Amino acid sequence: MTAVVLTAVVAGLCAPPAEAGRSLPLHEKKHDAKRQVEALEEQWRVAQLAGDIPAMDKLLSDDYIGISMTGQVHTKAQQLERMRSRAFVLNKIDLGEIQVKLVGAIAIVTSRADVEGVSDGIPVKGTYRYTRVYQRLPSGDWRITSFEATRVPTPRGPKTESHETEPSSASTTPQSGPF
């Protein structure tokens, strides 16, 4: 009986751990998922610039909620209508510092975006930080389920003798839209 136990222990020590065979494919799966989400970020950027409503409809989940930097909340239907009516149009979106974090079937994307456009007739221009959340569906497809943007303040210059502060950016601050 001792020989049987010793043989089982030795066999167990010599065999690779059960998770060793899965670690490389899991790593590859995570890498592939990150690449998929990065590609979707580019699809979102292109769809937004082109005003491509069918593409945006496919990217956004049915329960999508977007929060603009002014705190306005938009559902999928509202966001698509803003695109359709051209109430919100971006003609420049330069993305940088994109990071994708995977948590199970959720991908959290953070990025910096330099944007220019118009929101409800008001010029939009500036740098924003945003968080976009994707959810992987059972089919394997990803959908954007949440979005929030925050304007990056412009650096302040030295104050003048009249103690002026940074000029109001009301004319360039969007009243709504994803940014």
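**Entry 1: β5 and β6**

I began with the pairing of strand β5 (residues 122-136) and β6, which is antiparallel and runs over 9 bridges. The model I am reading is a predicted one. I picked one bridge to follow by eye: Q135 has R143 as its bridge partner in β6. The two strands make a hairpin, and 5 residues lie between them. In that turn I looked up G140, whose phi is positive, about 100 degrees.

**Entry 2: the other neighbour of β6**

Next I asked which strand runs parallel to β6. I found β1 (residues 60-67), joined to β6 by 4 bridges. I noted I67 here, as its bridge partner in β6 is E148. I then checked how much of β6 (residues 142-151) is covered. I found 7 of its 10 residues buried, so I would call the strand mostly covered, with buried meaning under 20% relative accessible area. For the protein chain of 179 residues, I have 31% counted as buried.

**Entry 3: the whole sheet**

I wanted the strand order, and I read it as β2-β1-β6-β5-β4-β3. The sheet is open, has 6 strands and shows mixed pairing. Why do β2 (73-75) and β3 (88-103) each have one side without a neighbour in the sheet? Both stand at the edges with a single partner strand each, so one side of each is left free of a neighbour in the sheet. From one strand to the next, I have an average twist of 20 degrees.

I also looked up β4 (residues 106-119) and found 14 bridges joining this strand to β5, in the antiparallel sense. In this pairing I marked A113, which stands opposite Y128 in β5. I kept in mind that side chains in a regular strand alternate between the two faces of the sheet.

**Entry 4: helices and chain order**

I counted 4 helices and 6 strands in the protein chain. Along the sequence I read the pattern α-α-α-β-β-α-β-β-β-β. I then followed helix α4 (residues 76-84), which lies across β1, β2, β3 and β4. Its direction is at about 90 degrees to β2. For contacts between residues at least 6 apart in sequence, I have 58% joining residues at least 24 apart.

**Entry 5: the largest pocket**

I turned to empty space and asked which elements each supply at least two residues to the lining of the largest pocket. They are α2 (20-50), α3 (53-59) and β6. The space in this pocket comes to about 180 Å³. I listed the lining as Q36, L40, Q43, A55, K58, L59, G140, D141, W142 and R143. Two residues from Entry 1 return here, since G140 of the hairpin turn and R143, the partner of Q135, are both among the lining residues. By class, I have 4 nonpolar, 3 polar and 3 charged residues in this lining.

**Entry 6: cavities**

How many cavities of 30 Å³ or more does the structure hold? I found 2. The second largest cavity has a volume of about 40 Å³, and I listed Q48, L49, G51, M83, R86, F88 and V89 as its lining. Here α2 and β3 are the elements that give two or more residues. I sorted this lining into 4 nonpolar, 2 polar and 1 charged residues.

Definitions and conventions
Residues numbered from 1 in each chain as written. Predicted model: local features only at pLDDT ≥ 70, side-chain atom pairs only at ≥ 80, totals over all residues. Heavy atoms only, no water. Buried < 20%, exposed > 50% of the residue type's maximum accessible area, 1.4 Å probe, protein only. Pairing = 2+ DSSP bridges. 1 Å grid on protein atoms, 1.4 Å probe; cavity = no way out; pocket = protein on both sides within 12 Å on 5 of 7 lines; lining within 4 Å. Points joined across faces, edges and corners; volume = space filled by probe spheres on them. Nonpolar A, V, L, I, M, F, W, Y, C, P; charged D, E, K, R; others polar. Axes fitted to C-alpha atoms, helices over the stretch in contact; angles between N-to-C directions. Contact = heavy atoms within 4.5 Å.
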